[in-house]
Amino acid sequence: MTRLTRQQKTSLVVGDSYWTTAAVPGIPSITMSDGPHGLRYQPNHGDNLGLGGSEPATCYPPAVGLASSWNRSLIERVAQAIGEEAVEQGVNLVLGPGVNIKRSPLCGRNFEYISEDPFVSGELGAAWVRGVQSRGVGASLKHFAANNQETARMTVSAEVDDRTLREIYLPAFERIVKREKPETVMCSYNRINGVAAAENHWLLTDLLRDEWGFEGVVLSDWGAVDGAVAALAAGLDLEMPGPQKDSRSALLAALDSGDLDEDVLDLSVERMRRLVRRLRSGTVGVDALPVSDSSPHLDVVERHGLAREAAAESIVLLRNEGSVLPLTPGSSVAVIGEFARTPRFQGAGSSQVTPTRVDAALPAFEEIADVTFAPGYRLDEHVDQQLLHEAVDAARSADAAVLFVGLPPMEESEGFDRDHLNLPADQIALIKAVAAVNPRTVVVLTNGGVVTLEPWHDSVASIVEAWLLGQAGGPAVADVVFGVVAPSGRLTESIPFRLQDTPSYLNFPGENNVVRYGEGVFVGYRYYETVDVPVRYPFGHGLGYTTFEFSDLVASGSSASVRVTNTGSRSGSHVVQLYVGPAASPVSRPVRELRGFEKVMLEPGASMVVTFELDDRAFAYWDTLTDGWLVHGGSYAIEIGHNAHDIALTATVHKRGPAPRKLTLESSVTDLLEHPVTGPVLSFAMRRAGGADELGANVFDMVATVPIRRLMRFPGVGEQMRMLPLLLAVANNPVIRTIAGWFRR
Ligand code: BGC
């Protein structure tokens with residue numbers, strides 16, 4: 001192996017250009033490109049705001065759409081195709097997937113993220129990594145971590161308690177790192193509890209490498225590094241973009257002064273050497289399990305076809321009163337809305353792809369129905385009454401009106417957040433006017449972040465949530481509207497009635513460069529379901545053109561199975577969702593959390609049994625007293641739902657808890673009362689001391705949280721409890737603790 005000079009080593013850990021690393025003797029350069037819903041390869045220039053254009057590549061639905069498919073194998077196929085395009089364009093590393101949690105619907109970059117739920121984010125993000133890496137191309141899991149807003153994203157400190165980090169903001173990263181071994185992880189711009197992600201030793205080394213076993217390279221988000229020396233020492237291997245002469249000089253100076261140990265640099269150099277070797281030899285992903293299949297490579301036309309298939313499966317049918325959908329081919333349809341002619345198919349910023357072609361909905365509708373088109377509104381939000389009148393006229397005489405509305409491009413993007421959830425006022429006026437003349441009005445929504453459906457929701461027959469669907473989204477909408485494809489998307493985020501109902505409402509996007517995650521683990525449906533706040537459409541919701549029923553739920557503490565039957569008259573797909581409701585525990589927990597899902601396709605009348613494995617994590621919470629996962633003993637509900645609110649079947653399973661904690665004089669009265677050894681004795685003693693029975697309950701409540709040592713200081717009490725040290729010694733005996741654990745429920 002060639003020995004490198006300090007100069008060469010430092011040049012290897014700082015990018016060489018916008019998208020490449022430096023070549024040094026024995027270690028060639030590698031090339032990167034954004035993802036995640038297609039390639040944004042810029043061979044001769046670079047920018048990270050999506051301004052400068054890029055080589056044409058297939059533009060698949062952004063994550064907001066693709067994730068709504070809840071289809072792991074579809075996502076894996078899309079990612080394989082992206083990997084193939086990367087190989088063709090000479091790209092070694094694709095910068096995705098983005099698995100940050102949608103903490104607030106206002107986050108300007110929600111279109112790039114998967115879900116408000118960490119389990120879905122982890123499962124679907126894993127499928128993406130598996131797909132890309134199966135083609136010998138590396139993935140870059142981003143943005144690590146707690147990057148849940150765009151406001152002040154480079155400076156804001158996300159103040160998140162340990163339990164919330166572990167249960168909500170980290171599990172998607174953890175699952176993907178452990179299972180799929182992404183070649184790289186990209187650290188985020190923000191600070192976490194005061195420390196910049198790029199300089200966060202706990203995050204990049206203690207957690208990511210030592211605890212989760214990550215062996216790849218950590219690279220910075222573009223421009224996330226302030227101090228190159230501190231970043232390297234924290235576990236960051238590669239600062240991007242380059243060249244950063246200052247960073248290289250700072251590293252060299254720190255080596256000279258002894259502020260930076262050369263071993264630390266050597267470690268990152270070795271990781272870079274390994275990464276480059278793997279990326280250039282195509283051995284990426286081979287040690288990830290399961291290794292993906294070798295399905296055939298696609299050409300440009302087939303990729304467009306895959307983009308259309310993916311788009312159709314991304315669509316979520318929210319409402320379909322009177323089964324207005326599917327429309328009959330050949331019927332007269334008023335197609336209204338500029339978006340039908342000028343589609344908005346992806347979000348703005350670094351993920352923008354230059355598509356190989358773009359198919360709008362209007363020509364696809366014209367092929368299949370007798371169409372009258374009216375633009376209805378202008379995309380620059382300039383109100384035009386004339387356009388509204390023409391649209392109403394078109395709607396009046398048609399069998400059905402299909403109205404394309406949504407967020408104009410300037411309303412959401414990487415780099416800033418929204419401050420409301422509304423559609424433009426002129427579009428709302430248009431919906432109401434069209435619905436007033438045509439009872440068979442279908443609204444098709446184009447939006448990257450959730451919009452409120454109030455106050456027009458009840459006035460229209462059907463609502464099709466078409467998100468941002470990539471380059472083939474137009475015909476995909478026609479496929480669903482005319483029933484060529486049955487809608488099968490499900491929401492990966494709740495649609496609230498009002499912004500004020502959202503759990504982060506009072507704490508988003510923070511102030512003075514600090515954002516407090518005050519809602520804790522109660523994010524999305526975890527909040528709505530626990531606090532009983534109604535939403536317009538719950539997490540997991542989505543209709544099809546047929547109906548499904550569940551039966552025969554059988555559950556244990558480690559698995560569950562349920563039968564799902566297509567009870568309607570058309571074939572269709574359903575997402576079977578498994579939630580776990582917690583046992584009573586010492587910490588407050590969401591009433592249910594998603595712990596499994598399977599998408600199944602069934603012919604009318606057909607049924608199948610779906611099985612889920614449930615490991616201990618499905619029942620656990622993060623215990624801050626022991627800094628570990630804890631399954632509290634007790635009864636858990638295993639729930640099978642159509643969505644997070646509509647639970648069809650419930651079974652109860654029992655889990656054994658761990659051995660009780662060691663008791664000390666600092667333990668509380670409750671700790672002692674709950675312990676199987678000390679509990680009966682103390683309770684007997686307290687009843688006796690409390691005298692009359694009728695006072696008993698109150699006394700227990702009044703002293704419940706008092707530490708024993710304090711209690712014993714009260715006159716007379718210490719006397720009565722003089723046997724306590726002996727009792728504690730018995731209770732803390734290891735054999736007795738283990739046996740006691742078996743009896744704890
Ligand atoms: C984004 C990253 C992206 C990078 C390179 C940054 O602004 O946050 O997601 O990969 O630019 O374009």
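Visitor: What makes the pair of atoms between the ligand and the side chain of Asp 221 a polar contact?

Guide: In this predicted model, an oxygen atom of the ligand is 2.7 Å from an N or O atom in the side chain of Asp 221. A polar contact is a pair of N or O atoms within 3.5 Å, so this pair counts as one. The side chain of Arg 109 has an N or O atom 2.7 Å from a ligand oxygen, and for Asp 34 the value is 2.5 Å. The protein covers 100% of the 310 Å² of accessible area (Shrake-Rupley method, 1.4 Å probe) that the ligand has on its own.

Visitor: Which residues around the ligand come nearest?

Guide: Asp 34, Arg 109, His 143, Asp 221 and Glu 414 do, out of 15 residues around the ligand (a heavy atom within 4 Å). By class, this shell has five nonpolar, three polar and seven charged residues.

Visitor: How do you know that strand E27 pairs with E28?

Guide: Eight bridges join E27 (residues 634-641) to E28, and the two run antiparallel. Pairing requires at least two DSSP bridges, so E27 and E28 are paired. Gly 641 has Ile 647 of E28 as its bridge partner.

Visitor: Why are E23 and E28 called edges of the sheet?

Guide: The open sheet has four strands in the order E23-E22-E27-E28, with antiparallel pairing. E23 (593-602) and E28 (647-655) each have a single partner strand, so one side of each is left without a neighbour in the sheet.

Visitor: What do the numbers rest on?

Guide: Residues are numbered from 1 along each chain as its sequence is written, and side-chain values use heavy atoms, without hydrogens or water. Local features need pLDDT of at least 70 and side-chain atom pairs 80 or more, while totals for chains, interfaces and linings use all residues.

Conventions
Polar contact = N/O pair within 3.5 Å; in protein donor to acceptor, adjacent residues only side chain to side chain. Nonpolar A, V, L, I, M, F, W, Y, C, P; charged D, E, K, R; others polar.
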